[in-house]
Amino acid sequence: MELRIRDERAVLAGPGGEHAREVDPHKLAIGAELAQALHEWARVASAVSTDSADSGGEAAAVVSQRGRQLAGRLAAVMGTAVRFVDPVTGADTVVEPPPLEAKAAHRFVRTVLGPPGPPGEPTPWLTGLTVSAFIAAVVVVAMLALATALARETAGWLALVGAVIVTAGIGPSLWLIRRTPILRWVAYGGVAGVAIAWIGVLVIAF
């Protein structure tokens, strides 16, 4: 598959440049952001390549570098090698997709944590992480308070039993909401809180 420019638009062509088709996020499933970046690069590259005075200057180098970067992103999204044809120099560069191990790890993370959100919607990292931190703090305080009370009033091993019961009780709920928008941040915080609280429980029990 070749990445080329035609009429100031980015197109993908088969071997030998046959059956060229315009980059379309709906038909190629590459996302609107990447498709727009490819077409913007194509317009700039067309302007630079027609300007013979600057075809070998700094602008041409920037266009070539940007083209290779976008070809790399395209290869990663489509999972296949992309032959990048430099519009300025005419040089061919084959860009390979990332290793299968990296893609497998990415799929594992998406399976466990779920997708980041609806397509095109930005992930609210600041708000989400704030909620997760608050929930984690609540869980840590609650579990440590329970463990301290049980260890003081009864025995240390009962603090472990109480921590196991709490973990088993909230674990299924956290697993079920791990992919639900908004509530998934609660799940992340709950899991982190339980993990941190267990360190304190072990210290209290022993």
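In which crossing, left-handed or right-handed, does helix 5 pass helix 7? In this predicted model, helix 5 passes helix 7 in a right-handed crossing. Two packed helices are described by the angle between their axes and by the distance between those axes. Here helix 5, which runs over residues 125-153, and helix 7, which runs over residues 183-205, pack at an angle of about 30°, and their axes are 7 Å apart. Because angles under 35 degrees count as roughly parallel, helix 5 is roughly parallel to helix 7. The residues that form the contact of helix 5 with helix 7 comprise 21 nonpolar and seven polar ones, with no charged residue among them.

The sequence record adds a further description of this part of the chain. An unreviewed UniProt entry carries the annotation "transmembrane region" for residues 125-151, 157-178 and 185-205. In the model, the span 157-178 is 91% helix and 0% strand, with its end C-alpha atoms 31 Å apart, while the span 185-205 is 100% helix and 0% strand, with its end C-alpha atoms lying 30 Å apart.

Turning to the buried nonpolar residues, the largest nonpolar core has 16 residues, and W41 and L70 are those with the most contacts inside it. Helix 2 (32-50), helix 3 (58-78) and strand 4 (82-85) each contribute at least two residues to this core, and helix 2 provides the largest share, namely seven residues. There is also a second, separate core, made up of 11 residues, with V139, A147, A159 and V194 among them.

Note on methods: Residues are numbered from 1 along each chain as its sequence is written. This is a predicted model: local features need pLDDT of at least 70, side-chain atom pairs count only at pLDDT 80 or more; totals for chains, interfaces and linings use all residues. Side-chain values use heavy atoms; hydrogens and water are left out. Axes are lines fitted to C-alpha atoms, for helices over the stretch in contact, and angles run from 0 to 180 degrees between N-to-C directions. Helices (H or I, at least four residues) and strands (E, at least two) are DSSP runs, numbered from the N terminus. Angles under 35 degrees count as roughly parallel, over 145 as roughly antiparallel, 65 to 115 as roughly perpendicular and the rest as oblique. A crossing is left-handed if the near helix is turned anticlockwise from the far one by less than a right angle, and right-handed if clockwise. Ala, Val, Leu, Ile, Met, Phe, Trp, Tyr, Cys and Pro count as nonpolar, Asp, Glu, Lys and Arg as charged, and the others, Gly among them, as polar. UniProt positions are given in the numbering used here, feature names are shortened, and annotations may be inferred rather than shown by experiment. A nonpolar core is a set of buried Ala, Val, Leu, Ile, Met, Phe, Trp, Tyr and Cys residues joined through side-chain atoms within 4.5 Å. Buried means under 20% relative accessible area, exposed over 50%, partly exposed in between (1.4 Å probe, protein chains only).
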